[in-house]
Amino acid sequence: RLSDDMSAGYRISGHPVAKAYRKWKKYNKTPYLSAAHGQRYLNNYANRTARAYGRFEKAGTMPVGSIIAKDSFTVTEDGTITPGSLYIMEKMQKGFNYVSGDWRYTMIMPDGSIFGATLGVNSEKVKFCISCHLAAQKNDHLHFIPKKHRVRAD
């Protein structure tokens, strides 16, 4: 039910990924805690173009059109679960943004508002995405799911 509610909130944004990502392959068995995403639990999805993502550190450079989406939620000490943001990475054409490895980062809030998008609305608000992912430049700016939570590619 929480996943359905989160997805419905993200779809309000009108962003095509928010409408489609739940139909994509999910690459984690269970949600995992991510300090880099504000101590939120994440689920990672990738579109068909990004299927190499399931090879994790051996994925190589992702092709243009690859999209990775991460929905999120928080759990308080008393067990209250709250929807979090939808994080989207889209591999753009070469030259889109050298610093980001040509990835566009978009963050959609649980109410469907767009917090920011690389070189788009409120782009300064998602610069932290680029700086964190820059540390993974050797893996095409991708960080991967902790090993114990991974689902391998088909």
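The following legends describe close-up views of a predicted model.

**View 1. Salt bridge between aspartate 4 and arginine 22.** A search of the whole structure finds 4 salt bridges, and the one shown here joins the side chains of aspartate 4 and arginine 22 at 3.1 Å, N to O. The two partners belong to distant parts of the chain: aspartate 4 is in helix α1 (residues 2-11), whereas arginine 22 is in the loop between α2 (16-20) and β1 (25-26), 18 residues apart. Aspartate 4 is partly exposed, its relative accessible area being 45%. Arginine 22 is likewise partly exposed, with a value of 34%.

**View 2. Salt bridge between arginine 104 and glutamate 90.** The closest N and O atoms of arginine 104 and glutamate 90 are 3.2 Å apart. This pair also links distant parts of the chain, with arginine 104 in strand β6 (residues 103-108) and glutamate 90 in strand β5 (residues 81-91), 14 residues apart. Arginine 104 is partly exposed, with a relative accessible area of 24%. Glutamate 90 has a relative accessibility of 11% and is classed as buried because it falls under 20%.

**View 3. Surroundings of glutamate 90 in strand β5.** Neighbours of glutamate 90 within four places in sequence are left aside in this view. Its remaining contacts are His15, Ser66, Ile67, Asp102, Trp103, Arg104 and Thr106. Arg104 in this group is the salt-bridge partner of glutamate 90.

**View 4. Salt bridge between lysine 91 and aspartate 140.** Here the closest N and O atoms lie 2.6 Å apart. Lysine 91 is in strand β5 and aspartate 140 is in the segment after α3 (127-134), so the salt bridge ties together parts of the chain that are 49 residues apart in sequence. Both lysine 91 and aspartate 140 are buried.

**View 5. The largest nonpolar core.** This core has 22 residues, and those with the most contacts inside it are Tyr53, Met62, Ile68, Trp103 and Leu142. Two or more residues come from each of the elements β3 (40-46), β5, β6 and α3. Strand β6 gives the most to this core, with 3 residues. Apart from this core lies another, of 13 residues, which includes Ile67, Ala69, Leu86 and Ile88.

**View 6. Contacts of tryptophan 103.** Residues up to four places away in sequence are not counted in this view. Tryptophan 103 touches the core residues Met62, Ile68 and Leu142. Its contacts also include Ser66, Met89, Phe96, Thr118 and His141. Glu90, Lys91 and Asp140 are touched as well; Lys91 and Asp140 are the two partners of the salt bridge in View 4.

**View 7. The buried residues of helix α3.** Cys129, Ile130 and His133 are the buried residues of α3. Seen down the helix axis, they fall within an arc of 95°, so they line one face of the helix. The cover over these buried residues includes β4 (67-75), β5 and β6.

**View 8. A nonpolar patch on the surface.** Tyr98, Val99 and Leu134 form this patch and together have about 340 Å² of accessible area. Valine 99 lies in the loop between β5 and β6. At 44% relative accessibility, valine 99 counts as partly exposed.

**View 9. Phenylalanine 56, a residue with positive phi.** Most residues other than glycine have a negative phi. Phenylalanine 56 has a positive value, near 50°, and is found in the loop between β3 and β4. The relative accessible area of phenylalanine 56 is 0%, and the residue is therefore classed as buried.

**View 10. Histidine 141, a residue with positive phi.** Although histidine 141 is not a glycine, its phi is positive, at about 65°. Histidine 141 lies in the segment after α3, which also holds aspartate 140. With a relative accessible area of 4%, histidine 141 is buried. Histidine 141 is among the residues touched by tryptophan 103.

Terms used
Residues numbered from 1 in each chain as written. Predicted model: local features only at pLDDT ≥ 70, side-chain atom pairs only at ≥ 80, totals over all residues. Heavy atoms only, no water. Helix = DSSP H or I, 4+ residues; strand = E, 2+ residues; numbered from the N terminus. Buried < 20%, exposed > 50% of the residue type's maximum accessible area, 1.4 Å probe, protein only. Core = buried A, V, L, I, M, F, W, Y, C linked by side-chain atoms within 4.5 Å. Contact = heavy atoms within 4.5 Å. Patch = residues over 30% accessible without salt bridge, like charges linked within 9 Å, V, L, I, M, F, W, Y side chains within 5 Å. Areas by Shrake-Rupley, 256 points an atom, 1.4 Å probe, with all protein chains shown as cover. Arc of directions from axis to C-beta.
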